[in-house]
There are 2 protein chains.
Amino acid sequence: MTDEQTGQTGAGVGPGGPAKPKKADLTRRTIVETALRLFREHGYEGTTMRAIASEAGVSIGNAYYYFESKEHLIQAYYGRSNAEHLVACVDALETERDLKQRLLAVLYTKIETAQPYHRFAGQLFKTAADPASPLSPFSSESMPTRREATELMALVVEGSDARVSPELADELPNLLWLYLMGIILFWIHDDSAGCARTFKLIDRTADIVVNLINLSSLTLMRPLVRRAVQLTGELRALAGPGAEPVPGGQERSSE
Amino acid sequence: MTDEQTGQTGAGVGPGGPAKPKKADLTRRTIVETALRLFREHGYEGTTMRAIASEAGVSIGNAYYYFESKEHLIQAYYGRSNAEHLVACVDALETERDLKQRLLAVLYTKIETAQPYHRFAGQLFKTAADPASPLSPFSSESMPTRREATELMALVVEGSDARVSPELADELPNLLWLYLMGIILFWIHDDSAGCARTFKLIDRTADIVVNLINLSSLTLMRPLVRRAVQLTGELRALAGPGAEPVPGGQERSSE
DNA sequence: TTCTGTTTTTGAACACGTTCAACAAGTGCA
DNA sequence: TGCACTTGTTGAACGTGTTCAAAAACAGAA
């Protein structure tokens, strides 16, 4: 499974197809593990491709045989990040029914699981910030990873006792995903001890978000809700034609 | 004046002090002008420092004498961008009284004046996205530039006939600046012809924003307003201790 | 005018991301 | 088993951002 996932988030064009796990997969995995470890220890800029190749026991050219660029090594982080996060928050999602508690659980665990990577989080953002990059959260290449995250948000809402405006229901996972992106962005910039400021921000903003969701069915808010839905549509246009709303509660795609 | 401004946004540690304009200032300016021109023509990545130095008629080392890095050349763009924007929107701000129209004027002119630089806008964002970079919009080095922008937003509100909740009044320029940042972020990713999608988004979101501002004095919204104000406080903490709210309507600092 | 100190200029060299021709190892078929 | 093709490996070389010791130019005082 982990092999399968890494393969999926690896360089799309490169080797490591669906064939049997073999020497190539081992090499690829070794390179990724080494890279992520060195990134954590020395930071992204402080880690050279030569160091990665050397410590992984391969040549510099071999590293590039598997990964298109140094930046693509970061892509391995995304898939792993989602997997770790899911493991960490699944219990809470099975026991909590209150929307705010569910949301808090997801947000807290996201930051907690990401914490070991805070050292190179700035580089994550810088890399993701390039609109032309396949690593951009809005890129079509990131679609699978993004879908996982929005489906998790759909679970947050679906398993809760909250009353959501029907107009909003389909778009809410995407809006919550954007909210999560905002939190992560704040976390990246947060240099307080243990990223305490981020957790405080989560508490504050989760309140606002849940209040807004609860208000969404009021007649007074109807026009605003409609516009928020349109806004997500505009933002989705950035990601190209495959970026459809997640039907709430639908069975996960096998991808 | 232009020299003064460029000097201010140049490398803080470098040469080009407050002394009389001389050969050094000419060299610096030539490098900047050349760089911005080549960035527009060839894109940021497609422009090498050697090309900039060569076309500016200086050596590669000389370019680095004046600018700490290639990225610092981008900083010249920020100050210019604000100046051009101000010129473009000042008429509307003197004639319009409706908050929405004022806001639309500011947003539209921002995108219009930025349009010639759309070619390397992605790089702007990528550069600004590095939390450790002095070019980050949240950095203390960007404080002067950011202040200009928030003061412009204060003018938008101050000269309008809108009724703003007193709690919100001081923070509103910062919140509107964040809104502007979001629009620019969308613009950077927008590859539609003439960035039509961005203008459409402006129309849609300005509506929402103005509605929210108008709703802000309702009792029902009071708790949300208070939280929004706290949120801006949290975000301001990222920029360090100098980032204070702009007292609404106050005279511009001479900086 | 000369001297001293400061500022500006220079370009070879360095570091690092990346490329690619050549080679080695693996695979499948006759 | 041999051959042709595919996959995996290698490291010198390239391009580009950047550095820094040396030289040139400038400025002010005696």
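**DNA strand D, helix α6(B) and A:L168**

A backbone N or O atom of B:M49 lies 2.9 Å from a phosphate oxygen of DNA strand D, within the 3.5 Å allowed for a pair of N or O atoms in a polar contact. The elements giving two or more residues to the surface near this strand are α2 (23-42) and α4 (60-66) of chain A, along with α3 (49-56) and α4 (60-66) of chain B. Here, near means that a heavy atom of the residue lies within 4 Å of the strand. Helices are DSSP runs of H or I with at least four residues, numbered from the N terminus.

This is a predicted model, in which local features need pLDDT of at least 70 and side-chain atom pairs count only at pLDDT 80 or more, while totals for chains, interfaces and linings use all residues. Residues are numbered from 1 along each chain as its sequence is written, chains are lettered from A and ligands numbered from 1 in the order in which they are written, and side-chain values use heavy atoms, with hydrogens and water left out.

**Surface near DNA strand D**

- Of the 22 residues around the strand, A:G61, A:N62, A:Y66, B:R50 and B:K70 come nearest.
- The largest share of this surface, five residues, is given by α4(A).
- A polar side-chain atom of A:N62 lies 3.0 Å from a phosphate oxygen of DNA strand D, and for A:T27 the corresponding distance is 3.4 Å.
- Sugar or phosphate accounts for 54% of the strand's atoms within 4 Å of the protein, and bases for the rest.

**Helix α6 of chain B**

- This helix covers residues 99-114, 16 residues in total, and reaches 23 Å from its first C-alpha to its last.
- That span is close to the 22 Å expected at 1.5 Å a residue, where the expected value is 1.5 Å times one less than the number of residues.
- Of the 16 residues in α6(B), 12 are buried, that is, under 20% relative accessible area with a 1.4 Å probe and protein chains only.
- Among the buried residues are B:L99, B:R102, B:L107 and B:K110.
- Their cover includes α5 (70-95), α8 (143-158), α10 (172-189) and α11 (196-215) of chain B.

**Residue A:L168**

- A:L168 is in helix α9 (residues 166-169) of chain A.
- A:L168 counts as buried because its relative accessibility is 7%.
- Leaving aside neighbours within four places in sequence, A:L168 is in contact (heavy atoms within 4.5 Å) with A:L175, A:S216, A:V225 and A:V229.
- The C-alpha atoms of A:L168 and A:I213 are separated by 8.7 Å, and the two residues are 45 residues apart along the chain.

Key
A polar contact is a pair of N or O atoms within 3.5 Å; within protein, one must be able to donate a hydrogen and the other to accept it, and residues adjacent in sequence count only if both atoms are side-chain atoms. Buried means under 20% relative accessible area, exposed over 50%, partly exposed in between (1.4 Å probe, protein chains only).
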